[in-house]
Amino acid sequence: MADASSICKSDFCNAGWAEVLTHMSPYGFANFGVAFGLGLSIVGAAWGIWLTGSSLVGAAVKAPRIRSKNLISVIFCEATAIYGVIMAIILTNKIKEPELADSYLSANWDFNGFYYAGYGMFSAGLSVGLTNIASGVSVGIAGSSCAIADAQDASLFVKILIVEIFASALGIFGIIVGIIQSNACTFPVAAL
């Protein structure tokens, strides 16, 4: 017998956030994973470009020679958005419509497979998105420091660029983890 607190008391069966999230379609979770992976990656890239670009423009007032070679920092920031696009393409290609889509699902419908795939794609997209926010911000901070240091002393450019490359590697690690997470996520196309 069901617990009295788990029975829906509202007209539309949305008594709270917990109920909304547990009754959401696995396709919804998969599509939110795509959206978070792409959206957060773009936010990370924009944030990094904002950080490094403002310092680059400001430092170029003192030393105009740094304008062209410090654009590599902007390219590293933009790479985080590209990682999000790659992951969105991978996840979108995994979302398949079931062969038998009907108003009523059969008793042997693979609910576990559908929810596993939906939650897996959500976590893969979220992993990539959050990692790329961290990568974009860290590349932006390192790029900002690189531009300011290069304006003061040209010999510091390569040394700080190494740090920036390691900050950019965070995004690569994130997309690798996302790909590994999404490998097991396949929507069943038919009932068991």
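How many helices and how many strands are there in the protein chain? Six helices and zero strands. Hello everyone, and please keep in mind that this is a predicted model. Read along the sequence, the pattern is simply α-α-α-α-α-α. The protein chain has 192 residues, and 40% of them count as buried. If we take the contacts between residues at least 6 apart in sequence, 87% join residues at least 24 apart. So let's walk through how the helices meet.

I'll start with helix α2, residues 26-62, and its partner helix α4, residues 71-94. Their axes sit 8 Å apart, and the packing angle is about 175°. Because angles over 145 degrees count as roughly antiparallel, α2 is roughly antiparallel to α4. Have a look at who makes this contact. On the α2 side you'll find, among them, Gly-33, Gly-37, Gly-44 and Gly-48, together with Val-34, Leu-38, Ile-42 and Ile-49. On the α4 side the residues include Leu-71, Val-74, Cys-77, Ala-81, Gly-84, Val-85 and Ala-88. Sorted by class, this contact holds 13 nonpolar residues, 10 polar ones and one charged.

One glycine in α2 deserves a stop here. Gly-39 lies in helix α2, and its C-alpha atom is separated from that of Gly-84 by 7.6 Å, although their positions lie 45 residues apart along the chain. Is Gly-39 buried, exposed or partly exposed? Partly exposed, because its relative accessible area is 31%, and the range for that class runs from 20% to 50%.

Now α2 has another partner, α5. The axes of α2 and α5 come within 7 Å and cross at roughly 0°. That makes α2 roughly parallel to α5. The contact of α2 with α5 has 26 nonpolar, 16 polar and one charged residues.

For a close-up on α2, click on Phe-36, which is in that helix. Which residues does Phe-36 touch, leaving aside its neighbours within four places in sequence? The answer is Ser-41, Phe-122, Gly-125, Leu-126 and Gly-129. With Gly-125, the C-alpha separation is 5.8 Å, for two residues 89 apart along the chain. Phe-36 is partly exposed, with a relative accessible area of 34%.

Back to α4, and over to its other neighbour, helix α6, residues 157-183. Here the axes come within 10 Å and cross at roughly 5°, so α4 is roughly parallel to α6. From α4, the residues in this contact include Ile-72, Phe-76, Tyr-83, Ile-86, Met-87 and Ile-90. They meet a set in α6 that includes Phe-157, Leu-161, Ile-165, Ile-172, Ile-175 and Ile-179. By class we have 13 nonpolar, six polar and two charged residues.

What about burial in these helices? In α4 the buried residues include Phe-76, Cys-77, Tyr-83, Gly-84, Met-87 and Lys-94. Among the elements covering the buried residues of α4 are α2, α5 and α6. In α6, Phe-157, Leu-161, Glu-164, Gly-171, Ile-175 and Ser-182 are among the buried ones. The cover for the buried residues of α6 includes α3, α4 and α5.

A quick check on helix geometry, for those of you who like rulers. At 1.5 Å a residue, the 24 residues of α4 should span 34 Å, and the end C-alpha atoms are 36 Å apart, which agrees. For α6, 27 residues should span 39 Å, and the end C-alpha atoms are 39 Å apart, so that agrees as well.

How does this line up with annotation? An unreviewed UniProt entry places the feature "transmembrane region" at residues 29-50, 71-93, 113-135 and 156-180. In the model, residues 71-93 are 100% helix and 0% strand, with the end C-alpha atoms 33 Å apart. Residues 156-180 are 96% helix and 0% strand, with the end C-alpha atoms 37 Å apart.

I'll finish with a residue in helix α5, Asp-150. Is Asp-150 buried or exposed? Asp-150 is buried, because its relative accessible area is 0%, and the cut-off for buried is under 20%. Not counting residues up to four places away in sequence, Asp-150 touches Arg-65, Ile-66, Lys-69, Asn-70 and Phe-157. Asn-70 is 80 residues from Asp-150 in sequence, but 8.5 Å from it in space, C-alpha to C-alpha. Thanks, everyone, and over to you for discussion.

Note on methods: Residues numbered from 1 in each chain as written. Predicted model: local features only at pLDDT ≥ 70, side-chain atom pairs only at ≥ 80, totals over all residues. Heavy atoms only, no water. Axes fitted to C-alpha atoms, helices over the stretch in contact; angles between N-to-C directions. Helix = DSSP H or I, 4+ residues; strand = E, 2+ residues; numbered from the N terminus. Parallel < 35°, antiparallel > 145°, perpendicular 65-115°, else oblique. Contact = heavy atoms within 4.5 Å. Nonpolar A, V, L, I, M, F, W, Y, C, P; charged D, E, K, R; others polar. Expected span 1.5 Å × (residues − 1). Buried < 20%, exposed > 50% of the residue type's maximum accessible area, 1.4 Å probe, protein only. UniProt positions renumbered as here; feature names shortened; annotations may be inferred.
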